[in-house]
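User: I am new to this structure and should like to learn how to read its features. Could we go through them one by one?

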Amino acid sequence: MGDDKDVAPHIGKTTVVDALGRRVIPGLNNAHLHVIRGGLNYVLELRWDGVPTLRQGLAMLREQAARTPKDQWIRVVGGWSAEQFAERRLPTAAELNAAAPDTPVFVLHLYQSAVLNRAALKAAGFDRNTPDPRGGQIVRGRDGEPTGMLLAAPSAFILYSTLAKAPVLQSDDQKTSTRHFLRELNRFALTSAIDAAGGFQNFPDNYSTVIELAKAGQLSLRVAHHLFPQTAGQEIADLTRWIEMADPEDGDEWLRLNGAGENLTWAAADFENFNQPCPELTEYEKEFEKAVRLLTENGWGFRLHATYDETIRRDLAVFERLAAEGLFPVGNRWLFDHAETVSADSLDRVAVLGGAMSVQNRLSFQGEAFLRRYGPGAAADAPPIRAMLDRGLTVAAGTDATRVSTYNPWVALHWLVSGRNVGDVVLRPRTNRVDRQTALTMFTRAGAELTGEEKVKGVLRPECYADLAVLSDDYFTVPEPEIAHIESLLTVTGGRIVYAAAEYEGLDEELPPISPAWSPVAHFGGYQASLQGVSGVRQAESLGAAVAESEQHRAWRVQRGLIPDTAYTPFDPRFSL
């Protein structure tokens, strides 16, 4: 840091990189990301993040089916919404059957539904005799057979338990997958993340990959993680066992424990399927209070998934009872996640109890469902970001990727600043938006406060971590719609160049090849860079080149007998254009 005379003594014993006048920012910190679970499966997933049309998504799926082994699935899991597609709809089971007649295909849409083709229904063991699980629905045709549509009604358990039947990677491939996922996050200027744990993420089993990478010095992203009890009725036993195994903030600047959550007890979880009414939770306070008391007495902080104010008020009543005994919060960090419908009164109570908030751009993807159910007045305050900030609360920002939102933080930054969803619908008025500096602070310094690292992370100054990014475009001056399309050209974590593109390509650390070789990520990459926000001429040229390349590739495959010489459209004929 400094001017030329301050920096000159370091030249000759360091790598010198010219930022060429580009904007440099502190490395971003995603305050709510399921990075550990996401890394274990990244290379197995076909990502529709950033794909502008369903037609393109189905074409990707059909191409992937040609290379996927018979014992494997094609899975599209999160990061997209029907609201982003020009067609404004989900794929049908018929379209999945046409695109991949023999390969199981599972397409997850938010926490609302999943579409499966015939091969996936068979692989998952669904037939006319399969009962509906609690809180879920297997949609059936007039013949009683499953149609391929699964509905969360309102519980997402049916979706995740079905996905859990798909094959998983072996240990070495999980390490490679995680390293490539972290590189993909570095691509978007991320240098830190707080892992919120989640369903089907068991400790310590599913944490072993990230722990081994940390020991080998192969993490390119700093991770603070939480622990989430996995079995209903067993939560207190799990928390007790973990308290005996580890202490809060165990670890180092690359991998550290940050407490429990985002669930402490399953009964207190309010599922955020906005196609369904607000869930009516049964009595849960007794076990929930035991969990909170256990954590606070042992110096553990926690985070809580809470979508609705109805849940937040009940949780706060438990905290206030403990506070009256002098047992809460006693110096432990705690926060609410999501809080789309939190009330002003509840925010006042959070402030009195020393809590914090973590918001995510879930309504970038589910906003129109929320709007239809609760109306424009409620959508305007979902979540009430300005009211949180006006009370002096720490308000950090994240994405909640990878099973709902995309992991691309610039989509979330655009949502914070513009109030618009991925379909360009305005949901929040100016009175509930933030300026660009505030949004950046929510994605840097505020996240550091949630992990107690605000003295060393989230700002560019001496004695802080050397975490920074050189951006493709100037975040502070680009037109508002283009914020969502910013990427990093050079990302540095801990003084290491962990991502490099354009003029800097080749400066970053070498990664092992993606394995397995048939991985969708090996062929399509991760987030699909959008053509939105570029000039009309550039967009037309790019689209024309893409069409020509696609036709040349099809002709090449026909010539070699790899596909029949017939015209193909992946669309369900009921939706033909």
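User: Let us begin with Ser358. Which residues does Ser358 touch, not counting residues up to four places away in sequence?

Analyst: Contact means heavy atoms within 4.5 Å. By that criterion, and leaving aside residues up to four places away in sequence, Ser358 touches Ala31, His32, Arg303, Leu335, Phe336, Asp337, His338, Ala396 and Leu450. Please note that the model is predicted: local features need pLDDT of at least 70 and side-chain atom pairs count only at pLDDT 80 or more, whereas totals for chains, interfaces and linings use all residues. Residues are numbered from 1 along each chain as its sequence is written, and side-chain values use heavy atoms, with hydrogens and water left out.

User: Where is Ser358 found, and is it buried or exposed?

Analyst: Helices (H or I, at least four residues) and strands (E, at least two) are DSSP runs, numbered from the N terminus. Ser358 is found in strand E13, residues 356–360. Buried means under 20% relative accessible area, exposed over 50%, and partly exposed in between, with a 1.4 Å probe and protein chains only. Ser358 has a relative accessible area of 1% and is therefore buried.

User: With which side chain does the side chain of Ser358 make a polar contact?

Analyst: A polar contact is a pair of N or O atoms within 3.5 Å; within protein, one must be able to donate a hydrogen and the other to accept it, and residues adjacent in sequence count only if both atoms are side-chain atoms. The partner here is the side chain of Asp337, at 3.2 Å.

User: What surrounds Thr130 in the loop between helix H5 and strand E6?

Analyst: That loop runs between H5 (118–124) and E6 (136–140). Thr130 is buried, because its relative accessible area is 16%. Beyond residues up to four places away in sequence, it touches Gly125, Ile138 and Arg140. A polar atom of the Thr130 side chain lies 3.4 Å from the backbone oxygen of Gly125, and the Thr130 side chain also reaches the backbone nitrogen of Asp127 at 2.9 Å.

User: How should the buried residues of a helix such as H8 be read?

Analyst: An α-helix has 3.6 residues a turn, so residues three or four places apart point the same way. In helix H8 (208–215), the buried residues are Thr209, Val210 and Leu213. They lie on the same side of H8, because they cover an arc of only 95° around the axis, the arc being that of the directions from the helix axis to the C-beta atoms. These residues pack against helix H2 (35–41), helix H7 (171–186) and strand E10 (255–260). After H8 comes Gly217, whose phi is positive, near 70°.

User: Which residues of strand E3 are buried on its faces?

Analyst: In a regular strand the side chains alternate between the two faces of the sheet. Strand E3 (74–77) has both faces covered: Ile74 and Val76 are buried on one side, Arg75 and Val77 on the other.

User: How many bridges join E3 to strand E4?

Analyst: Two strands pair if DSSP finds at least two bridges between them. Four bridges join E3 to E4 (105–109), and the two run parallel. Val76 stands opposite Val107 in E4.

User: In what order do the four strands of the open sheet come?

Analyst: The order is E1-E15-E16-E17, with antiparallel pairing. Strand E1 (24–26) and strand E17 (496–500) are the edge strands, each pairing on one side only. Strands E15 (468–471) and E16 (488–493) pair over four bridges, and Leu471 has Ser488 in E16 as its bridge partner.
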